[in-house]
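I opened this notebook to keep track of what I looked up, entry by entry.

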Amino acid sequence: MNLPSDFIHKFQQYLQDEADAFFASYQVSRKSGLRINPLKITADEWERISPFKLEKIPFAQNGYYYQADQDQPGKHPFHAAGLYYIQEPSAMFVAEQLAPSSGEKVLDLCAAPGGKTTQLAAMMNGRGVLVANEINSKRVKALSENIERLGITNAIVINETPERLAERFQGYFDKIIVDAPCSGEGMFRKDEEAILHWSEDKVLACANEQKNILDAAYLMAKPGGIIVYSTCTFSPEENEQTIEAFLMKYPDVELLPIAKIDGIESGRPEWSLTKNYELEKTARLWPHKMSGEGHFVAKMRKTEDTGSSNTNLKIPNISKAQLKDFQSFLAETIKGKTFRNFYLFNQQLYSLPDDCPNFQGLRVLRAGLHLGVLKKNRFEPNHSLALALTKDDVLHTYPLSSTEDERWLQYLKGETFTTGEDRGWILVTIDGFPLGWGKEAKGILKNFYPKGLRIKV
Ligand SMILES: C[S@@+](CC[C@H](N)C(=O)[O-])C[C@H]1O[C@@H](n2cnc3c(N)ncnc32)[C@H](O)[C@@H]1O
């Protein structure tokens, strides 16, 4: 791998004796990670059924290293069933620092494709409000799909600039992650493009952008609210110096300590412009000190009250009579599970989180749980609903096995099945975990796995 010469020169200066070990890490193959989804499976159950050779990641609850030369977890049907999220190991450390609780109001400001969002959602366990925002209109679609796949029911996916979001969510959030766009020096092993696009100008441009994004995050935090800032780059301009500038601009913000475990080190106060020794509290994950690509993380608390702008949405916005076809679907398909906070938008029916904020007028891709669509005299369930259920929530399943035959592959390709029965909506499962819907009539199970997700033949 050919590292940019300016990059080598820069880190020889910064790292001195350590520089050779740092550069050598770029020549070693990287370790891949996956994080299991506790919304669907416990660690014990996963360790019993895992088809992959795994090793625990010490600093991330639910995180495992896998052997990329032996296994392809992205192609296993458990991936389509949302049992795990494939994530770079050191990235898993970031959301652990925010550690939201059930019921809190949480923002992931730069969220796509959803690594941190899905981790935060698992910690929130379906309660509270999780706003996942992504500025890029293509990347936000992948974010929305990942939220669906993992069965997350309390997220609102938004495609706005941080500034526009801040106008609407002033003083609203208990906890915010700013996983900032950066020069990606920790991506060099994974992505040659990151090397080609790197320059010192890019580092400085990213540092400017990061400061603007943090301004918006500051406005959106409640008094007492926590902001976790992270990058996957090493340049001090985007890390210690970005936080240094933030602390100088907002004197009410205080840095909070991060536990330095398992090879994780302190940030480098000596790399800040004012040698602010508080920056010792930040964390650096170095690829030559732990198994992962590297990250910088800072955890802060805002103390001042800077006003608030959001009000709750008025829900439900739909009458009991309009819900008639949905109620018939529930009676015929679902057992022992209720839904609330109904919200109808263009005939699409959602179940919103409790205390849902007013998102009207913003570009929203997904709000809470997408239940389905009200068609003329019938209700058609959405794929999101299938992935948010368990096999025990429904009257009928069509069980597929990941080991016995390849019918799961036929299902993911969109094929129909002959069942000989006529039971209506059926939850198709893989080893007991929902994969999607099928509709059975006159002995044929029609495939409702979304066309955009199907495996191409
Ligand atoms: C490091 S990535 C986020 C990764 C994500 N948090 C995850 O864990 O999967 C940074 C994101 O910031 C977005 N971004 C780029 N410029 C931005 C800006 N000016 N404001 C907010 N987000 C921006 C990028 O599109 C990108 O998706």
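Which residue follows α7, and what is the sign of its phi? I found that G151 comes after α7 and has a positive phi, near 70°. I note that this is a predicted model, in which local features need pLDDT of at least 70, side-chain atom pairs count only at pLDDT 80 or more, and totals for chains, interfaces and linings use all residues. Residues are numbered from 1 along each chain as its sequence is written, and side-chain values use heavy atoms, with hydrogens and water left out.

I then looked at helix α7 itself, residues 139-149 (helices are DSSP runs of H or I, at least four residues, and strands runs of E, at least two, numbered from the N terminus). Its buried residues (under 20% relative accessible area, 1.4 Å probe, protein chains only) are V140, L143, S144, N146, I147, E148 and R149.

Next I checked C232, which an unreviewed UniProt entry lists under "active site", bearing in mind that such annotations may be inferred rather than shown by experiment. C232 sits in the loop between β9 (221-231) and α11 (240-249). Why is C232 counted as buried? Because its relative accessibility is 17%. Beyond neighbours within four places in sequence, C232 has contacts (heavy atoms within 4.5 Å) with residues including C182, E185 and H295.

Last, I turned to the largest nonpolar core (buried Ala, Val, Leu, Ile, Met, Phe, Trp, Tyr and Cys residues joined through side-chain atoms within 4.5 Å), which has 42 residues, with V178, M220, I243 and M300 making the most contacts inside it. Helix α10 (residues 200-220) gives the most to this core, six residues.

Technical notes:
Buried < 20%, exposed > 50% of the residue type's maximum accessible area, 1.4 Å probe, protein only.
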